[in-house]
Amino acid sequence: IGNLSSAHKAFVHLGVEAKLVTEASEAKGAKGVVLPGVGAFGPCLDALRGAGLDSVVLEAIEQGTPFLGICVGMQMLFEGSEENPTHKGLGVFKDTIRLIPGDVKRPQMQWNQVTRTGPQCPLLDGIEDGEWFYFVHSYAPAPGPAISAVCDYGSSLGAVAQAENVWATQFHPEKSSTTGLKLLANFVRLCGIEVESR
């Protein structure tokens with residue numbers, strides 16, 4: 001949904017067999033599922049549902065398949081967003097995505113430091129607190145029970161969310177150099193696939 005190519009290339013760079021799918025049947029048997037996204041909450045949900053791929057997301061999560069949402073792919077996992085209030089999110093995380101508050105430039109389009117705040121997150125294994133990741137967004141989750149790491153941009157914003165077999169990042173690991181590749185390698189390992197650290 002706007003960011004598929006760079007996310008796909010990052011996994012290929014790690015030596016992983018990764019496939020872009022356009023139909024639900026193509027995701028059958030996947031060891032892990034990734035939902036990247038760039039754009040607005042509502043149109044991205046429309047595209048996902050229009051392709052029938054929302055079923056892939058929900059079935060993967062229900063079956064315990066490791067799942068990763070990136071940027072708008074993270075936001076769509078929430079119940080809704082102030083960006084497009086008439087659109088209902090996938091409801092995996094019980095909160096609403098909100099406009100970044102305060103007198104700050106929107107979108108946040110920069111590198112920013114990510115700090116752990118919540119429960120241990122295996123996605124961040126081997127990554128130091130305060131490492132830098134690349135963000136491009138105007139909306140974000142607030143810190144809450146599902147949030148395991150935050151960034152500071154005028155206020156504290158949710159940067160990583162998790163729930164059982166679901167992980168999500170507001171930043172773009174595929175655009176975050178070697179640290180981002182470490183995070184993606186961690187996800188690949190959560191899928192039961194061995195990969196060398198890059």
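**Close-ups of a predicted model**

**View 1. Ser-177 in helix 5.** Ser-177 is partly exposed, since its relative accessible area comes to 48%. Look for this residue in helix 5, which covers residues 177-190. Ser-177 isn't a glycine, yet its phi is positive, near 55°. Keep in mind while browsing these panels that the model is a predicted one.

**View 2. Glu-164, another residue with positive phi.** Here we're in the loop between strand 9 (156-163) and strand 10, where Glu-164 sits. Its phi is about 55°, again positive in a residue that is not a glycine. Is Glu-164 buried or exposed? Its relative accessibility is 75%, so Glu-164 counts as exposed, the cut-off for that label being over 50%.

**View 3. The cis peptide bond at Pro-107.** Zoom in on the bond between Arg-106 and Pro-107 and you'll find a cis peptide, with omega at about 5°. Pro-107 belongs to the loop that runs between strand 4 and strand 5 (108-116). Strand 4 itself spans residues 93-99, and one of its residues, Phe-93, turns up again in View 5.

**View 4. Met-76 tucked away in a loop.** Met-76 lies in the loop between helix 4 (72-75) and strand 3. How accessible is Met-76? Its relative accessibility is 0%, so Met-76 counts as buried; anything under 20% gets that label. Leu-45 makes a handy partner for this view: the C-alpha atoms of Met-76 and Leu-45 are 6.8 Å apart, although 31 residues separate the two in sequence.

**View 5. A tilted ring pair, Phe-78 and Phe-93.** The structure has four aromatic pairs in total. One of them brings Phe-78 and Phe-93 together, with ring centres 5.0 Å apart and 45° between the planes, and that makes the pair tilted. This pair ties together distant parts of the chain, with Phe-78 in strand 3 (residues 78-81) and Phe-93 in strand 4 (residues 93-99), 15 residues apart. Both Phe-78 and Phe-93 are buried.

**View 6. An edge-to-face pair, Phe-135 and Phe-171.** Now for a pair with another geometry: Phe-135 and Phe-171 meet edge-to-face, 5.5 Å from centre to centre and with 70° between the planes. Which parts of the chain does this pair link? Phe-135 comes from strand 6 (residues 131-137), while Phe-171 comes from the loop between strand 10 (166-169) and helix 5 (177-190), and the two are 36 residues apart. Phe-135 and Phe-171 are both buried. Pull back a little to bring in Phe-133: ring pairs join Phe-133, Phe-135 and Phe-171 into a cluster.

**View 7. Zooming out to the whole protein.** To place the close-ups, here's the full fold, with five helices and 10 strands. Its radius of gyration is 15 Å, which agrees with the value near 16 Å that a compact globule of 198 residues would have. Along the principal axes, the C-alpha atoms take up a box of roughly 45 × 40 × 30 Å. Of the 198 residues, 47% count as buried. Take the contacts between residues at least 6 apart in sequence: 67% of them join residues at least 24 apart.

**View 8. Surface and charges.** About 9,200 Å² of the protein is exposed, and carbon and sulfur atoms supply 52% of that area. Count the charged side chains and you get 15 positive and 21 negative ones. The centres of these two sets lie 3 Å apart.

Note on methods: Residues are numbered from 1 along each chain as its sequence is written. This is a predicted model: local features need pLDDT of at least 70, side-chain atom pairs count only at pLDDT 80 or more; totals for chains, interfaces and linings use all residues. Side-chain values use heavy atoms; hydrogens and water are left out. Rings of Phe, Tyr and Trp (its six-membered ring) pair if their centres lie within 6.5 Å; planes under 30 degrees apart count as stacked, over 60 as edge-to-face and the rest as tilted. Helices (H or I, at least four residues) and strands (E, at least two) are DSSP runs, numbered from the N terminus. Buried means under 20% relative accessible area, exposed over 50%, partly exposed in between (1.4 Å probe, protein chains only). The radius of gyration is taken over C-alpha atoms; the globule rule is 2.2 Å times the number of residues to the power 0.38. Contact means heavy atoms within 4.5 Å. Accessible areas come from the Shrake-Rupley method with a 1.4 Å probe; for residues, only the protein chains shown count as cover. Lys and Arg count as positive and Asp and Glu as negative; His and the chain ends are not counted. The place of a charge is taken as NZ of Lys, CZ of Arg, CG of Asp or CD of Glu.
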